[in-house]
Amino acid sequence: MPMLASVALSAALFAATAAHAQVKVGVVSSSSGPIAAVGVPQKNTVPLLPKQVGKTTIEYIPLDDASDPTASVAAIKKLIGEHKVDAIIGPSGSPNAMGVIQFAAEAGVPLLAPVGTAAVVLPMNDQKKWIFKTTQNDDLIAAALVGHMKKAGVKTVGFIGTADPYGENWQKVFSSLAAPAGIKLVSAESFQRRDTSLTAQGLKTVAARPDAVLIAAPGSSAVLPQTTLFDQGYKGQIYQTHGAALDDFLKLGGKKVEGTILAASGLLVLDEMPAEDPVRKVAADYVAGYEKLHATKPATFGANVYDAGLLLQAAIPAALKAGQPGTAAFRSGLRDAIEQTRELPGTQGVYTMTAQDHSGFDERGRVLITVKGGRWSLLK
């Protein structure tokens, strides 16, 4: 072979190898539409994600699904078909995530969903083995709430949840834990996230005279049920899920959400967390980076995306042994490596994944928090 041709071939092979030494990650967030309060901090977190692992660079391709599950599917197909991504972080909403599982699985692309409902990873099956979740499963959060209710002497609870997989799964999980604890569900109401009035649901709940009410709704949609109950004179204790864990909840609810109790990661009460807590340093680094970049504090929803980046960063070295980025072997290796994650501290808890547990949290992923004086406070 002539020398020039040999040099050209070598250069071409080098270029091809260099091009493959880049991992492509799609990020689908609802940075507009009705759940933008969830999606905006997730989109804003993308610049803080790891950009390099060893000599391998990571490119992030962010897309907005406008809170529309149909648009989520289109975005996932675009990322897989056109951008040939190796992994996907997103979408933001539970219904959106439920709708894209089959497409990620069929393409063999690991998907890390920063959503609340455990239904994206449970029950485990051939499709969901490609899906991981960077929020605490509902039962982990619900167990903390039920524990507090039992200790506080709560015997009856009214439930108000969104009419979608988030609210539906919460009603199911809470009911299964409350009954053995001697707590009876005396009413169950649902609503759409876009609803502007919940007068009927509130009146029915108040009429049932529950000791406490549990509201299961993500983002800003968690506010209206509670302010409605306040306006209707309800005086019992109100509990929220980790879906309400954002500062917008405080801003929108004002004095009407004072005294709320929820369980979530310690990110909301970082200054009150013990210094030895394995989550504190990771969370503090994330918060500092976010504040420097955006001049505001992040919501926990952004932290869920940050943790997805940490999981990928930890898994990439093992995946590179299986194949080059851009190949099915790499994507499969990436899935396997994420599933092998052990004791990885994130902002939301400590991750230990298994073949059956693709959320990976234990009790280090939650604390009880209340609203006190218009701010989040560790419940002691």
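**Figure 1. Strand β7 in the predicted model.** In this predicted model, strand β7 spans residues 156–162, and seven of its seven residues are buried, so the strand is largely enclosed by the rest of the structure. In a regular strand the side chains alternate between the two faces of the sheet. T156, G158, I160 and T162 point one way from β7, whereas V157, F159 and G161 point the other way; all are buried. Strand β8 (residues 184–191) runs parallel to β7 and is joined to β7 by seven bridges. Within this pairing, I160 stands opposite E189 of β8.

**Figure 2. The open sheet of six strands.** The strands follow the order β2-β3-β1-β4-β5-β6, with mixed pairing. The edges are occupied by β2 (52–53) and β6 (131–133); each has a single partner strand, so one side of each is left without a neighbour in the sheet. At the β2 edge, two bridges join β2 to strand β3 (residues 56–64), and the two strands run antiparallel. The bridge partner of V53 in β3 is T56.

**Figure 3. Aromatic pairs and a charge over a ring.** A search of the whole structure yields four aromatic pairs. One of them, formed by F249 and W376, is stacked, with 5.9 Å centre to centre and 20 degrees between the planes. Helix α9 (residues 247–253) holds F249 and strand β15 (residues 375–378) holds W376, so the pair ties together parts that are 127 residues apart in sequence. Both F249 and W376 are buried. One aromatic cluster is formed by Y286, Y290 and Y306. R335 lies over the face of W130, at 5.9 Å from the ring centre.

**Figure 4. The largest pocket and its lining.** The largest pocket contains about 380 Å³ of space. Its lining comprises 15 residues, of which L267, L268, V269, L270 and K297 are the closest to the pocket centre. At least two lining residues are supplied by each of α9, α10 (280–294) and β15. By residue class, the lining divides into nine nonpolar, no polar and six charged residues.

**Figure 5. Two cis peptide bonds preceding proline.** G90 and P91 are joined by a cis peptide bond with omega of about -10 degrees. P91 is placed in the loop between β4 (87–89) and α4 (94–107). Another cis peptide bond joins L122 and P123, again with omega of about -10 degrees. The loop between β5 (111–113) and β6 contains P123.

**Figure 6. Loop residues with positive phi.** A295 is not a glycine, yet has a positive phi of about 60 degrees. This residue lies in the loop between α10 and α11 (300–320). With a relative accessible area of 70%, A295 is exposed. E343, likewise not a glycine, has a positive phi of about 50 degrees. The location of E343 is the loop between α12 (328–339) and β12 (344–345). At 47% relative accessibility, E343 falls below the 50% that exposed residues exceed, and therefore counts as partly exposed.

**Figure 7. The surroundings of D211.** D211 is situated in the loop between α7 (199–207) and β9 (212–216). Its relative accessibility is 35%, and D211 counts as partly exposed. Along the chain, D211 and K235 are 24 residues apart, and their C-alpha atoms are separated by 8.8 Å.

Notes: Residues are numbered from 1 along each chain as its sequence is written. This is a predicted model: local features need pLDDT of at least 70, side-chain atom pairs count only at pLDDT 80 or more; totals for chains, interfaces and linings use all residues. Side-chain values use heavy atoms; hydrogens and water are left out. Rings of Phe, Tyr and Trp (its six-membered ring) pair if their centres lie within 6.5 Å; planes under 30 degrees apart count as stacked, over 60 as edge-to-face and the rest as tilted. Helices (H or I, at least four residues) and strands (E, at least two) are DSSP runs, numbered from the N terminus. Buried means under 20% relative accessible area, exposed over 50%, partly exposed in between (1.4 Å probe, protein chains only). A charge sits over a ring if NZ of Lys or CZ of Arg is within 6 Å of the ring centre and within 35 degrees of the ring normal. On a 1 Å grid over the protein atoms alone, a cavity is a set of points where a 1.4 Å probe fits but cannot get out, and a pocket is an open set with protein on both sides within 12 Å along at least five of seven lines; lining residues have an atom within 4 Å of a point. Grid points are joined across faces, edges and corners, and a volume is the space filled by probe spheres set on the points. Ala, Val, Leu, Ile, Met, Phe, Trp, Tyr, Cys and Pro count as nonpolar, Asp, Glu, Lys and Arg as charged, and the others, Gly among them, as polar. Two strands pair if DSSP finds at least two bridges between them.
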